[in-house]
Every structure is written in C-alpha cells, then in structure tokens.
Amino acid sequence: MPTYGIEEEVFVIEERRPSLQSLFYLSKLLFHNPRLNYFYTASNLSHLPDIATGLMAGIELATRISPDVHKLMEDLIKRRKDLARVCPGLILPIGHLIDFKSYSKTCALHIHIGNFPDRRRAYSNLAHFLPLLSLLTVNSPYRAGQYFGQSYRIYHSPFIGPLRDNPRYRFQDIIISRRLGTIELRIFDSVWDLDRIRVLLEAIDRIVNLEEDLPLDRDQYKKIRASVALLGYSRESKALYHELNQIYPLPKELLRRTASDRVRHCFEGSGLLGTYSALDNAYRNGTFQPREVAKCRRSLALILTGIAGYYIPKLPYTIWKTWRENW
C-alpha cells in the first residue's frame, strides 16, 4: 500500500526576523537524538537576492514514513513538540513572512508518497486535483505588509510552479523526486492547522488509490492554480471540488475560509507581533490566538554554537542531498 511522509518547514524568529540562531535550536535536536535528527532535519539559508535581510530562511523537520495517515499525524505532532521544547524563539508556520518581500524566504509543507500500485496514474490523478487541494493550506497572504491574496508564495516562489513535461524537474508543484523516487507534493504552504493537514492527507490517500485515470490538462492547471493563489475558492475551482467530493467528502468550509483569511483577520486586528504570537501559539498549543510572549534575543555565542554543532556536521550530507536532488 502507499506510504507517506511529511517535510514541514517553519520560520523561527527573534527580534522580528529569522537568524542563524535557528541553527542552535537544530543543534539541540541533533544532540538529543542524533540518529533521527541528522537525516530528518534541515536548515534553509537565504539566496543571494535576500541576503541583505539576513542569512537565514526557514528550518525543516521531517516525519518518518508510514502507510497510515493517522500515525503520520501522530509523528508530526511529536516532531512539533520536539522543536517547541528546545526553541524559545517564535515558531511561525506560514508560507511567507508578513513584513517581507522575499525571493527565497518561504516555508512549505512537502508531502512524499511512495510504494504506489501505479506511479504514473498516481502522479496524474494527484496533479488533476492539486490546485484545489492547495486551498487547504494556503497561508501567505502578505508581501511587505500589504495584502496580496491567498498565497504570495504559490504565486511568486521560484521553487515551485506550473507543471512541466518533465516530472523530475525539481522546481514545480509536484515532482518525482530524483533522490527518493517518491512523488513529492511541493505546492502546499506551511500551516499550523492539524485538522487541515489531516483532511489533506486523507484526500491524498483516496486519490492515490483510485483505479481510474483522470485527465491532466496543464493549461487548465495553470489557470486554476493562479486563481487559487489570488482569490481562493472561486468559479475556476468549483468543478474540481464537486469532482473530488465524489471521491472524498471534503468540507467546503475549509476551502471557503482559509488559513490565509484567519491570518489576515488577525493581522488587521492585532498587528504583526500579535499575529506572529498567534502563529506560535497555534504551533505549540493548537490555539490560533495572540498571547503575551517572552522576548528572545539573538546571541553571537549561540549562533556560533549552532554553526559548529549543526551546520558543519550536517554539511557533507547537505551537499550530497543537494547533488542527488538536482543531478
């Protein structure tokens, strides 16, 4: 039967922005469980256009693989608790930082699927519904403090994009991973809401196990994708919803009222730090609500410890992984 795995990227901020101090938190995870966290964590640095706003982007924690989506969710919850325990900074599960206009500072939720009965069919059928499924996690409504739409990350990120003829090309919404041989769904924004992720996984499981071939129209895909990123649930995605609802009873309210909508409402009422505290609260405690948080400042000593204790030991694996994923 199919197996599933999750890679979840989040920002960790001190003093309103990510910093290399995130490496220190990862080094603590590595120290507590080196066998797991050497391979199931990662750090993402800014690309050249964004270095002026800091060297650090997001960090990544991955689950183990499982054929049971409910056990996979249990593992994701445990991974979140592991990070929350070692991290005093604000943990932000969001696709793009509210007050940034960034090329490379984005965070995603990647879902890997392996061990299929028919990989070609699974790829095509997942791609057929993918723009609609992305509505379950759209969560980057702002660019430089100005409202953009449902997902600035989906619309502008160079690391994803509309489908190409080559499914192994890395920077598109759904790929066949060169390194793992899995189908990797890359379109989803990072999001705090575990119920949304659970529904997403259940829908994916139903689609992967379909025994019929659904059409894949790349031009239509591109059109619906753009509409979802800007407007959310609209005329372009309604037909897909009715089709998917025959396979999996997806609650329409999850599509009509998105995570992006909640972030926008919170930002308009509570401002930047209030919204960031709500995201952190939701990640740690499951409650999307602003709260008082202790100030966490950057420390050069902690940054250097993180570089020595995490980045340098991980560098050989990071280089090998990058080579395998791109060549």
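User: Which backbone oxygen does the side chain of Ser 46 reach, and at what distance?
Analyst: In this predicted model, Ser 46 sits in the loop between strand S3 (41–45) and strand S4 (56–62). Not counting residues up to four places away in sequence, Ser 46 touches several residues, including Leu 55, Met 56 and Ala 57. The backbone oxygen that its side chain reaches is that of Met 56, at 3.4 Å.

User: Is Ser 46 buried or exposed?
Analyst: Among the residues that Ser 46 touches, beyond four places in sequence, are Ile 51, Gly 54, Ser 104 and Lys 105. A residue counts as buried under 20% relative accessible area. Ser 46 has a relative accessible area of 11%, so Ser 46 is buried.

User: How do the residues of the contact of H1 with H3 divide into nonpolar, polar and charged?
Analyst: Helix H1 (residues 22–32) and helix H3 (residues 69–86) pack at an angle of about 115°, with their axes 9 Å apart, and their crossing is right-handed. H1 contributes Tyr 25, Lys 28, Leu 29 and His 32 to the contact, while H3 contributes Asp 82, Leu 83 and Val 86. These residues divide into four nonpolar, one polar and two charged.

User: Which helix gives the largest share of the largest nonpolar core?
Analyst: The largest nonpolar core has 75 residues, of which Ile 113, Leu 133, Leu 185, Phe 188 and Ile 204 touch the most other members. Apart from this core lies another of 21 residues, among them Val 12, Leu 29, Ala 84 and Cys 87. The largest share of the 75-residue core, nine residues, comes from helix H10 (residues 259–285).

Conventions
Residues numbered from 1 in each chain as written. Predicted model: local features only at pLDDT ≥ 70, side-chain atom pairs only at ≥ 80, totals over all residues. Heavy atoms only, no water. Axes fitted to C-alpha atoms, helices over the stretch in contact; angles between N-to-C directions. Helix = DSSP H or I, 4+ residues; strand = E, 2+ residues; numbered from the N terminus. Left-handed = near helix turned anticlockwise from the far one by under 90°. Contact = heavy atoms within 4.5 Å. Nonpolar A, V, L, I, M, F, W, Y, C, P; charged D, E, K, R; others polar. Buried < 20%, exposed > 50% of the residue type's maximum accessible area, 1.4 Å probe, protein only. Polar contact = N/O pair within 3.5 Å; in protein donor to acceptor, adjacent residues only side chain to side chain. Core = buried A, V, L, I, M, F, W, Y, C linked by side-chain atoms within 4.5 Å.
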